[in-house]
Structure formats: C-alpha cells, structure tokens
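User: Got a minute to walk me through this one? I'd like to start with a backbone oddity and then get to the packing.

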Amino acid sequence: MSDFLNVIYEDHIKIEIEDRKKPEKKHDYEVADNMLAELNQLNLGRELHYCEDLIFYTVTDKRAIPIFKKYILQFEHVGIVLNLVNNQLGLKGYKDCTEFLIELFYSLEKRGERLDSVYESFDNAFYKIKDKRYIDAYLELISVPKYIDKFYLLLEQLSKWHIEDALPIVVERVKYDKLPGAAIKALGNYADPKYAYLIEPHLNSEKPYIRQLAKKTLDKMQSVNQH
C-alpha cells in the first residue's frame, strides 16, 4: 500500500474506532467482528481487524466466499453490505457468487434499500462477473419502466453478447432513459439500421458525449448498410 493510501487507511481506522463506540452501531460491529474472526481462521496471510480492512484489501482466497455469504444479510447498514459486494463478492470471474448476488439485490430492494448506490454496486458486480447463465435475470434488471435509468453496464454487456431478447428493452431505454448514453451505445452494438431514427435526434444533444455516442452508433448502422 502506498504512503498516501496508508494515510487514508489510518484515518479511516480512527473513524471506525470512534464509530464503534456508538450504541446504534453495536449490532453491525458485532456481526463484523464475528465475520472477521472466521476469516482470520483461514490464515489469509493478513490479519483483518476492522471493517475498513475489507475496503482496502480484497480477499482473493475463495474459501472466504461462504463466510461473506453467511454474514452479509445480518448487517443493518446497507453501506457495509455494498462495501462487501464491491470489494469481495462482485469480482471478475466470481461466477459462484452470481445467483447469491441476484437474491441479495432483491432482498435489499424488498427491505426498502432503493438507493442509487445499491443499483450501481450490483450493476458493477454483474458487469465484472460476466456470468452468461443468468440472462433472464439480467433482462428483468434492465427492464422498463421499473429499472429505467439503472443497470447501465448490464445493458451494455447484454448488447455486447448480442442477446436478442434485450434488443426491445434497449430500444425502450433509448426512448425513455433520462441519461440515454448507455442505451445509445448498446443499440450501436446491435448495429441494426432500422433503429437509426431513434439515434438521429441525439446528434443535436446539448451533451457532447451524447453527440459522440450517437455518431458512433449511426456509423455502425451505416456500415451494415454498406455491406
């Protein structure tokens, strides 16, 4: 860890030490300490003493996965849950976590955790894992109107895989997303010229990056017409 990161880490540890004194945080820190104790029994090569350790250090030993799964739903504060999703479970190639993460997302949503950070964390997780076994679940997660303006990365990934069932949803998202960049890019991955009419208005967008995406998408569509 660099000197700069060490300073940040030490500051975060000081904050956590103070945080642990708050009665309302008692439950979550008790759960965290039990989880950390079990992780340390794996002899990971690094002792874990604080929740912050699991933000600054990714446990790459997959023996830890069942321990994270065991404790993650016991936390009351969603921020701790998302830290574990971001840093420990939603990692590249962690296909043994996909189904669990889908269930975890819906359990958080049912619990009323409908924050942007929740959607972004799980979007990142599914994008990094890239597990093709759960296409139907992903289609649900990008669907309109419930998940409009959410799961941008998943929208893009399905289009890269050229999932035909995702195409009608992508078309709807181009129409209705307030931030349509991901949907425009995704539609470009299908390169179907019949949808050019949806992209052309975005050439006049006030946002430069939208104009650029629209142009690239139309170029892809036009290249299909030329072959």
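Analyst: Sure. Lys 130 is partly exposed, with a relative accessible area of 34%; buried means under 20%, exposed over 50%, and partly exposed in between, using a 1.4 Å probe and protein chains only.

User: And what's phi for Lys 130?

Analyst: Positive, about 55°, although Lys 130 is not a glycine. Lys 130 sits in the loop between α7 and α8. Helices here are DSSP runs of H or I with at least four residues, strands are E runs of at least two, and numbering goes from the N terminus.

User: Before I go on, what kind of model is it?

Analyst: It's a predicted model: local features need pLDDT of at least 70, side-chain atom pairs count only at pLDDT 80 or more, and totals for chains, interfaces and linings use all residues. Residues are numbered from 1 along each chain as its sequence is written, and side-chain values use heavy atoms, with hydrogens and water left out.

User: OK. How many helices and strands?

Analyst: 13 helices and 0 strands. Of the 227 residues in the chain, 48% count as buried.

User: Which residues of α8 are buried?

Analyst: In α8 (residues 135–142) they are Ile 135, Tyr 138, Leu 139, Leu 141 and Ile 142. Seen down the axis, these fall within an arc of 160°, so they line one face of the helix; the arc is taken from the directions from the helix axis to the C-beta atoms.

User: What do they pack against?

Analyst: α6 (98–110), α7 (116–129), α9 (152–160) and α10 (167–176), where contact means heavy atoms within 4.5 Å.

User: Switching to α5 and α7, at what angle do they pack?

Analyst: About 15°, with the axes 10 Å apart. Axes are lines fitted to C-alpha atoms, for helices over the stretch in contact, and angles run from 0 to 180 degrees between N-to-C directions. α5 and α7 are therefore roughly parallel, the term for angles under 35 degrees.

User: Which residues meet there?

Analyst: From α5, Val 78, Leu 82, Val 85, Asn 86 and Leu 89. They meet Ser 117, Val 118, Ser 121, Phe 122, Ala 125, Lys 128 and Ile 129 in α7.

User: Back to the loops: where's the cis peptide bond?

Analyst: From Val 144 to Pro 145, with omega near 0°. Pro 145 is in the loop between α8 and α9. Asp 149 also lies in the loop between α8 and α9, and its phi is positive, near 60°.

Terms used: Angles under 35 degrees count as roughly parallel, over 145 as roughly antiparallel, 65 to 115 as roughly perpendicular and the rest as oblique.
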